[in-house]
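Visitor: Please put the model up first. After that I would like to ask what stands behind the labels attached to it.

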Amino acid sequence: MTARQLPASDYAKLKAATRQLISTSGGPVDAARVTRVDHQGLSRYGSTNEDHAERFMPADVIADIEAECGQPIVTRKLADLAGYLLVPVPQVARTGTVLGAVTAATLKETSDVFVALGESLGDGTVSQADAERIGREVDEAMAKLAALKLQVEDEAGRAAE
């Protein structure tokens, strides 16, 4: 066996994310229709069986299947393992979007984070359900903040023209 950089638990998380991706895409037969690997190969990538423990899905296959199912399941897990947070890049309309509307949406989502946090701290503890809700609110706020950044850049670009 070759030396590995991550603990075994991290590789197990990648296997679990791989199984989730394949399941979300309709199973190995459906997933095989959108990429270069057959359904047996895809099943092996998710297998924890000793014979397949060191087999992981290649990046291009991940990209194909995630594009098809519209969810970055394995990519999100890879980002998490690297200590990064994956948030979607918001679509910014290049015309007709008023900076004020984007700002208002950003303020609303940001305030939702603090409302959820305040509600969870009301009893003095933060439960797992509270943490998940706050996490979802933070993700939504981050997406709106990214949209605001892009909209400001777009407005500045149009002003310079």
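**Salt bridges**

Visitor: What separates K108 and D112 in helix α6?

Guide: K108 and D112 are four residues apart in α6, which amounts to about one helical turn. Helices are DSSP runs of H or I with at least four residues, strands are runs of E with at least two, and both are numbered from the N terminus. This is a predicted model, in which local features need pLDDT of at least 70 and side-chain atom pairs count only at pLDDT 80 or more, while totals for chains, interfaces and linings use all residues. Residues are numbered from 1 along each chain as its sequence is written, and side-chain values use heavy atoms, with hydrogens and water left out.

Visitor: Why is the contact of K108 with D112 called a salt bridge?

Guide: The term requires a side-chain nitrogen of Lys or Arg within 4 Å of a carboxyl oxygen of Asp or Glu. The N to O distance for K108 and D112 is 2.4 Å, so the pair qualifies. K108 and D112 also belong to a network of salt bridges that includes E109.

Visitor: Are K108 and D112 buried, partly exposed or exposed?

Guide: Buried means under 20% relative accessible area and exposed means over 50%, with partly exposed in between (1.4 Å probe, protein chains only). D112 has 18% and is therefore buried, whereas K108 has 45% and is therefore partly exposed.

Visitor: What makes K77 and D80 a salt bridge, and where do they lie?

Guide: Their closest N to O distance is 3.5 Å, which falls within the 4 Å limit, so the label holds. Both residues are in helix α5 (residues 73-81), three residues apart, or about one turn of the helix. K77 is at 23% relative accessibility and D80 at 46%, so each is partly exposed.

Visitor: Which parts of the chain does the salt bridge between E119 and R133 link?

Guide: The closest N and O atoms of E119 and R133 are 2.6 Å apart. The pair links distant parts of the chain, with E119 in α6 and R133 in helix α7 (residues 128-160), 14 residues apart. R133 has a relative accessibility of 31%, so it counts as partly exposed. By the salt-bridge rule the count comes to eight.

**Buried faces and a surface patch**

Visitor: Why are the buried residues of α3 said to be on the same side?

Guide: In α3 (residues 39-46) the buried residues are G41, L42, Y45 and G46. They cover an arc of only 140° around the axis, so they lie on the same side of α3. The arc is that of the directions from the helix axis to the C-beta atoms. Their cover includes α1 (8-24), α2 (28-32) and α4 (59-69).

Visitor: What covers the buried residues of α5?

Guide: The buried residues in α5 are I73, V74 and A79, and their cover includes α1 and α4. Just after α5, G83 takes a positive phi of about 85°.

Visitor: What makes L117 eligible for a nonpolar patch?

Guide: Patch residues need over 30% relative accessible area and no salt bridge; like charges are joined within 9 Å, and nonpolar side chains (Val, Leu, Ile, Met, Phe, Trp, Tyr) within 5 Å. L117 is at 31%, so it passes the area cut-off. L117 lies in α6 (residues 99-121). The patch consists of F114, L117, L121 and V126, with about 370 Å² of accessible area together. Accessible areas come from the Shrake-Rupley method with a 1.4 Å probe, and for residues only the protein chains shown count as cover.

**The whole chain**

Visitor: Why is the chain called more spread out than a compact globule?

Guide: The chain has seven helices and zero strands. Its radius of gyration is 20 Å, well over the 15 Å that the globule rule gives for 161 residues, so the description follows. The radius is taken over C-alpha atoms, and the rule is 2.2 Å times the number of residues to the power 0.38.

Visitor: What share of the contacts with a separation of 6 or more comes from residues 24 or more positions apart?

Guide: The share is 67%, where contact means heavy atoms within 4.5 Å. Buried residues make up 29% of the 161 residues.
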